[in-house]
Amino acid sequence: MPSPIVIVSDALPGDSVAALHATCDVRHIDGRDRSALLTAVSDADALIVRSGTRVDAEVLDRAPRLRVVGRAGVGLDNVDTATARARGVTVVNAPDSNTVSVAELTVGLIIASMRRVPAAARSLGEGEWRRSDFAGVELAGRTLGIVGYGRIGRQVARRLTAFDMHIVVHDPCADTSDDGVRAAELDELLAVSDVVTLHLPKTPATTGLLGARELALMKPTALLVNTARGGIVDEAALARALRAGRPARAALDVFATEPPGHSPLLALPTVLALPHLGASTHDAQLRAGQEVVDKVLAELAPLLTSVPAA
């Protein structure tokens, strides 16, 4: 039997792809080239993507042999999972791959914002020496509110507990009994927290979770951090709230539309904004590639039993 055909449509670290080459016919394409993608999947047994390839009904309809779609990352926003299930195609991802990277970036954004690091560095680079203008605050003794207490939320709590912060969490589905944190309703969490950080998926229920009413509950000195998904915060409401001084600052790694174009948030001096770097470490990318390759090979196992080893 011929080797299973695996289409890799977004760049993966070389080490993670090596296991595929041993038993599969691996074909690399640019998944942003729609015509090339539709042609390539016509005889594919597996398709591995990252965020650059959109796997919709049209792609799945053109892939009659497809057994598995692997997303080398956490989210499945770019994969039509309902249509895949209807076609009998398994969809796998790497949900644990970026946990540490996002948690560490979250901590970094909190420290940088509370100590006003970007503004101070910018001022010094412009030849100024304005030490008294950039006084920050310590994290010790202050309250961290975590909205969404899954893998990443727990890792953030673990790290900032070491900074002697008090941890309050809101997640109706999470068990917090053994973690030394306090559960609270969302309104209470927003009202008591000095830092609010979001770590929950974007769903119909969480889209616009923080709007004008919720932002108005926050302390005027508070920091809002979003390294989860754009759209969980109403960005227009956040821009208005920041101009009004409640909350004081925001640190954003994600936006409802990416890239965010001329978002008014980017022009505000109280916003520290990054271009969705949460999973952008070599370590996270390698883990994602290796995890999804292992899962794809497991789904292809029935085809591999009769393929001679390379």
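In the predicted model, a right-handed β-α-β unit is made by strand 4, helix 4 and strand 5. The helix of this unit covers residues 81-86. Its two strands, strand 4 (residues 68-71) and strand 5 (residues 90-93), run parallel and are joined by four bridges. One residue pair can be named here: V68 has T90 of strand 5 as its bridge partner.

A second region of strand pairing is an open sheet of seven strands, in which the pairing is parallel. The strand order across this sheet is 8-7-6-9-10-11-12. Strand 8 (182-183) and strand 12 (271-273) are the edge strands, each of them pairing on one side only. Within the sheet order, strand 9 is followed by strand 10. Strand 9 spans residues 195-198 and strand 10 spans residues 223-226; the two run parallel, with four bridges between them. In this pair, V225 of strand 10 stands opposite T197.

Turning to the chain as a whole, twelve helices and twelve strands are found. The C-alpha trace spans about 70 × 50 × 30 Å along its principal axes. The chain has 310 residues, of which 46% count as buried. Among contacts with a separation of 6 or more, 58% are accounted for by residues 24 or more positions apart.

The area exposed by the chain is about 14,700 Å², and 54% of this area is supplied by carbon and sulfur atoms. Charged side chains comprise 32 positive and 36 negative ones. The centres of these two sets lie 4 Å apart.

How values were computed:
Residues numbered from 1 in each chain as written. Predicted model: local features only at pLDDT ≥ 70, side-chain atom pairs only at ≥ 80, totals over all residues. Heavy atoms only, no water. Pairing = 2+ DSSP bridges. Right-handed = clockwise from strand over helix to strand, strands pointing away. Buried < 20%, exposed > 50% of the residue type's maximum accessible area, 1.4 Å probe, protein only. Contact = heavy atoms within 4.5 Å. Areas by Shrake-Rupley, 256 points an atom, 1.4 Å probe, with all protein chains shown as cover. Lys, Arg positive; Asp, Glu negative; His and termini not counted. Charge placed at Lys NZ, Arg CZ, Asp CG, Glu CD.
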